[in-house]
Amino acid sequence: MRYVFTDVKPFNLEAMLEGGQAFRWEREGKGYRGVVKGRVISVSYDKDTLMVDISEGNNTKEEDIKFIRDYFDLDRDYEKIEEDIKTQFPELEKVIVMASGNRILHQDPWETLVSFIISANNSINNIKKVIDRLSQNYGRPIEFKGRLYYSFPSPEVLSSLSEEEIRCTRCGFRGKYIINAARMIREGVINLEEIKGLPTEEAIKELTKIPGVGVKVASCILLFSYKKFDSFPVDVWIKRAVEGIYFNGASKPVKEIINFAQNKFGNLAGFIQQYLFYYIRNNKMI
DNA sequence: TTCCAGGTATGCA
DNA sequence: TGCATACCTGGA
């Protein structure tokens, strides 16, 4: 099924899909192809128009459209967000100009949780490969345009694996964390739906009860699947960027950087984090 | 061969 | 509380 969305701007597929928030997208011609919540999606963007091909599902057209609008955050006014950031924080103007059209995707909490457990002390390239192998081995096959793709495996499936079995995904020391997280979800020790309703600080407390989940991973889940925009995940890149722009390059503890960003940026913090990440990863230095 | 990658857990002062 | 260190694996 094909859907066309007009007057979509600003919108930068590369920034969104290769910007480190989602790991299941690959370039396909001028666009991208990926698997989202059990559906295969092909997207391209040109002249303010977003074209989306999506694999067969049980949804109505209206539900599909809602699903796509929701995932790509099409109903949020990013022109205003970018304008607000440039006005309030002129020091970030070059960042926003360079990364314009980057949006926060609305991803599945479970998939985001596992993806960012895998991200610890890992490279983006390798994270993608491990997630692919997890899906191919334990996900559900989906046919699309004559090819097979695989959904992200459920907590039920992953909770039944042994550390020996999950080794085929080459996730390394993170295997035990993934299996344990799946069990905590299955047994109701952690309820991802309930966490969604908590304020950022409390949600981080809950999520970090899961071994393998620290403040950074928890913050990513909050930002990329719960739309908690005051969340500000700090990794080595963001740390370096904030220190460069605001502390004259002096090293600061992560805790201090989070507090600084949340106080200064408020509900724009999450967006700024995402623009900054894309900017610094593609500019080498500030 | 060695080092590093969207961090986290652990042990010790 | 704060700091150092180990950790699977793959690529440079």
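**Helix α6, the paired strands and the DNA contacts**

On α6, the face that is turned away from the buried side of the helix carries two exposed residues, N125 and Q136. This description, like everything that follows, comes from a predicted model. The buried residues of α6 are I127, K128, V130, I131, L134, S135 and Y138. They lie on the same side of α6, because they cover an arc of only 165° around the axis. Such a pattern is easy to follow, because an α-helix has 3.6 residues a turn, so that residues three or four places apart point the same way. The cover over the buried residues of α6 is drawn from several elements, including the strands β2 (25-28) and β7 (147-150) and the helices α5 (109-118), α7 (155-159) and α8 (163-166). The length of α6 can be checked as well: the helix has 15 residues, 124-138, and at 1.5 Å a residue it should span 21 Å, which agrees with the 21 Å between its end C-alpha atoms.

The strands offer a second pattern worth following. In a regular strand the side chains alternate between the two faces of the sheet. Strand β1, residues 2-5, shows this alternation: Y3 and F5 point to one face and are buried, whereas R2 and V4 point to the other face and are not buried. The partner of β1 is strand β5 (residues 49-54), and the two pair in the antiparallel sense over four bridges. Within this pairing, V4 stands opposite M51 of β5. Strand β5 also pairs with β4, again in the antiparallel sense, over six bridges. Here M51 of β5 is the bridge partner of S44. M51 thus faces V4 in one pairing and S44 in the other.

Moving one strand further, β4 (residues 39-46) runs antiparallel to β3 (residues 31-36), and five bridges join the two. Y32 is placed opposite V43 of β4. Both connections made by β4 are hairpins with two residues between the strands. In the hairpin of β3 and β4, K37 takes a positive phi near 45°, and in the hairpin of β4 and β5, K47 takes a positive phi near 50°.

Attention now turns to helix α13, which covers residues 236-246 and has I238, K239, A241, V242, E243 and Y246 as its buried residues. Among the elements that cover these residues are α14 (254-265) and α15 (269-283). At the start of α13, D235 brings a side-chain oxygen to within 2.7 Å of the backbone nitrogen of W237. Just after the helix, N248 has a positive phi of about 55°. Another helix, α11 (residues 200-207), holds T200. T200 counts as buried because its relative accessibility is 7%, and buried means under 20%. Leaving aside residues up to four places away in sequence, T200 touches L222, K228, D230, S231 and Q262.

D235 appears again in the surroundings of DNA strand B. Around this strand there are 29 residues, of which G20, G212, G214, D235 and Q273 come nearest. Of the atoms of DNA strand B that come within 4 Å of the protein, 57% belong to sugar and phosphate. The backbone of the protein takes part in several polar contacts with this strand. A polar backbone atom of G20 is 2.7 Å from a base oxygen of DNA strand B. Phosphate oxygens of DNA strand B are approached by I124, with a polar backbone atom at 2.8 Å, and by G212, with a backbone N or O atom at 2.8 Å. Two or more residues of the surface near DNA strand B come from each of the elements α12 (215-226), α13 and α15.

The surroundings of DNA strand C consist of N121, N126, K129, R170, C171, G172, F173 and R174. Sugar and phosphate make up 62% of the atoms of DNA strand C that come within 4 Å of the protein. Side chains supply two of the phosphate contacts: an N or O atom in the side chain of K129 is 2.8 Å from a phosphate oxygen of DNA strand C, and one in the side chain of R170 is 2.7 Å from a phosphate oxygen of this strand. F173 contributes through its backbone, with an N or O atom 3.0 Å from a sugar or linking oxygen of DNA strand C.

Definitions and conventions
Residues numbered from 1 in each chain as written. Chains lettered and ligands numbered in written order. Predicted model: local features only at pLDDT ≥ 70, side-chain atom pairs only at ≥ 80, totals over all residues. Heavy atoms only, no water. Expected span 1.5 Å × (residues − 1). Buried < 20%, exposed > 50% of the residue type's maximum accessible area, 1.4 Å probe, protein only. Arc of directions from axis to C-beta. Contact = heavy atoms within 4.5 Å. Pairing = 2+ DSSP bridges. Polar contact = N/O pair within 3.5 Å; in protein donor to acceptor, adjacent residues only side chain to side chain. Near = heavy atom within 4 Å.
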